[in-house]
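Please look through the sequence and the structure below before reading on. The paragraphs after them are meant to be followed with both in view.

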Amino acid sequence: MTRMSPTAPLVQRSQEEPVRVILWGLGAMGRLMARMVLADPDLKLVGAVSRRVSESRAAGTDIAEVAGLNRPTGIAASPTLAAAVEKAGGAQVVLQATSSLARECAPELQACLEHDLDVVSIAEELAYPWAGNPKLADRLDEAAREAGHTILGTGVNPGFVLDTLIIVLTGVTGHVASVYARRVNDLSPFGPTVMRTQGVGLSVDQFREKVADGTVVGHIGFPESMHLIAKALGVRLTAIEQAREPIVSKVRRQTPHVLVEPGYVAGCRHTARGLVGGKVFIELEHPQQVRPEAEGVQTGDYIKIAGYPDIEIKTAPEIPGGIATAAIAVNMIKPVLEARPGLLTMLDLPIPRGSARRAAAVVADG
Ligand code: NAD
């Protein structure tokens with residue numbers, strides 16, 4: 001397999017050497033990923049691209065300062081990928097944590113390919129980009145194949161709870177009749193962007209207006225998860241129906257980023273149904289709200305597969321979204337390096353697995 005583009009020399013890695021990793025995006029997820037990479041003897045953090053680093057500051061700014069880590073890393077953050085690669089003296093893979101949308105990620109992915117890098121991205125739309133933008137997905141797939149590199153979209157959801165985990169569970173069934181899953185989670189740790197896109201703090205009328213104008217989107221990833229499940233199970237969805245309803249609070253709820261008065265919106269109950277020939281084949285629910293405990297709501301993940309046999313599993317509380325997203329991205333680095341070139345999905349790669357080799361203290365607190 002040729003893994004060489006005309007623009008940059010390929011950095012060869014022996015099996016014993018740690019994988020050289022560059023982070024792209026040092027927000028909430030990038031910071032968690034930094035901790036996990038720094039704690040892993042099989043990985044080496046060699047650079048990071050951050051929009052918050054200007055050209056003039058870049059030379060001396062330690063990633064720890066930009067990403068709020070507890071101890072210096074000795075690795076400077078860079079304003080561009082080119083600068084990060086040059087400063088690192090080469091790398092093998094980029095962890096991309098900058099955006100949710102495939103079209104926003106595309107130029108960054110292209111740049112990674114031009115620098116001879118594989119990519120693990122947590123952009124929700126990249127979990128199955130053929131769902132929302134098949135032309136762009138085909139273009140990225142072709143570019144990755146030509147460059148001899150692999151791009152993967154993953155994360156907690158989409159990427160795991162409402163797709164990969166379900167698919168793995170169907171592996172022990174003789175027949176699948178339908179799939180139902182529900183992820184109830186707490187939005188309290190998230191910042192202003194998520195509050196806005198979930199409509200938290202709005203009146204019910206404002207919520208409905210903003211759903212109609214596309215400002216309140218709820219969860220990004222239902223079509224991606226549904227197409228992944230359908231593809232895995234060998235059926236074609238004929239339609240996907242989605243609904244976004246306000247979760248109206250009976251009590252006052254507060255987080256560092258939002259105040260919800262009684263009668264106002266605490267979150268979004270986003271549901272989706274995937275149909276095959278007029279019948280519901282996949283039903284997914286994702287009610288997300290701040291301070292669910294204020295009204296006795298228990299977070300958790302629930303999956304029910306109807307078939308032969310029926311299978312039901314439940315985890316409570318929810319699999320924590322932030323840690324899980326950073327972990328699965330870092331855990332997929334090695335499978336991605338070993339995978340065939342192209343734009344791949346979780347269906348194309350071996351089952352995800354964690355590591356017992358990472359230093360627990362560094363993972364936990366940076
Ligand atoms: P965040 O807003 O905390 O951080 C994003 C960071 O990327 C910001 O610091 C921003 O300045 C930086 N950035 C954006 N574009 C950049 C660019 N071109 N170059 C350099 N830096 C850039 O968001 P987050 O919580 O870290 O999440 C990152 C993305 O991943 C979001 O879009 C989020 O929705 C998505 N996400 C997906 C999953 C999943 O399950 N698939 C889970 C969590 C987050």
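What follows is a walk through selected strands, helices, cysteines and backbone features of this predicted model.

A good place to begin is strand 1, residues 19–24, which is mostly covered, since six of its six residues are buried. In a regular strand the side chains alternate between the two faces of the sheet. In strand 1, V19, V21 and L23 point one way while R20, I22 and W24 point the other way, and all of them are buried. Strand 1 runs parallel to strand 2 (residues 43–49), to which it is joined by six bridges, and within this pairing I22 stands opposite G47. Between these two strands the chain passes through helix 1 (residues 28–38), and the resulting β-α-β crossover is right-handed. Strand 1 also pairs in the parallel sense with strand 4 (residues 93–96), here over four bridges, and in that pairing I22 stands opposite V94.

Helix 4 (residues 81–88) belongs to this part of the picture, because its buried residues pack against strand 1, strand 2, strand 3 (77–78), strand 4 and helix 5 (102–114). Those buried residues are L81, A84, V85 and A88. Seen down the axis of helix 4, they fall within an arc of 95°, so they line one face of the helix. An α-helix has 3.6 residues a turn, so residues three or four places apart point the same way. Helix 4 is followed by G89, whose phi is positive, near 70°.

A second region to trace is an open sheet of six strands, which has the order 8-11-12-7-13-14 and mixed pairing. Strand 8 (239–248) and strand 14 (311–315) stand at its edges, each with a single partner strand, so that one side of each is left without a neighbour in the sheet. Neighbouring strands of this sheet are turned against each other by 10° on average, direction ignored. Inside the order, strand 7 (residues 175–186) and strand 13 (residues 300–308) pair in the antiparallel sense over nine bridges, and the bridge partner of R183 in strand 13 is D301. Helix 9 (residues 204–212) packs on the sheet, where it touches strand 8 and strand 11 (265–276), and its direction makes about 160° with that of strand 8.

How many disulfides are there in the model? With a disulfide taken as a pair of cysteine sulfur atoms within 2.5 Å, the count comes to zero. C112 is accordingly in no disulfide, and the nearest cysteine sulfur, that of C105, is 9.8 Å away. C112 is buried, with a relative accessible area of 1%, and C268 also counts as buried, at 0% relative accessibility.

Several details of the backbone deserve a careful look. A cis peptide bond joins N157 and P158, with omega about 5°, and P158 lies in the loop between strand 6 (150–153) and helix 7 (164–170). The peptide bond from Y308 to P309 is cis as well, with omega near 0°, and P309 has its place in the loop between strand 13 and strand 14. D116 has a positive phi of about 60° although it is not a glycine; D116 is found in the loop between helix 5 and strand 5 (118–121), and is buried, with a relative accessible area of 3%. R291, another residue other than glycine, has a positive phi near 45°, lies in the loop between strand 12 (279–289) and strand 13, and counts as partly exposed at 29% relative accessibility.

How values were computed: Residues numbered from 1 in each chain as written. Predicted model: local features only at pLDDT ≥ 70, side-chain atom pairs only at ≥ 80, totals over all residues. Heavy atoms only, no water. Pairing = 2+ DSSP bridges. Axes fitted to C-alpha atoms, helices over the stretch in contact; angles between N-to-C directions. Contact = heavy atoms within 4.5 Å. Buried < 20%, exposed > 50% of the residue type's maximum accessible area, 1.4 Å probe, protein only. Right-handed = clockwise from strand over helix to strand, strands pointing away. Arc of directions from axis to C-beta.
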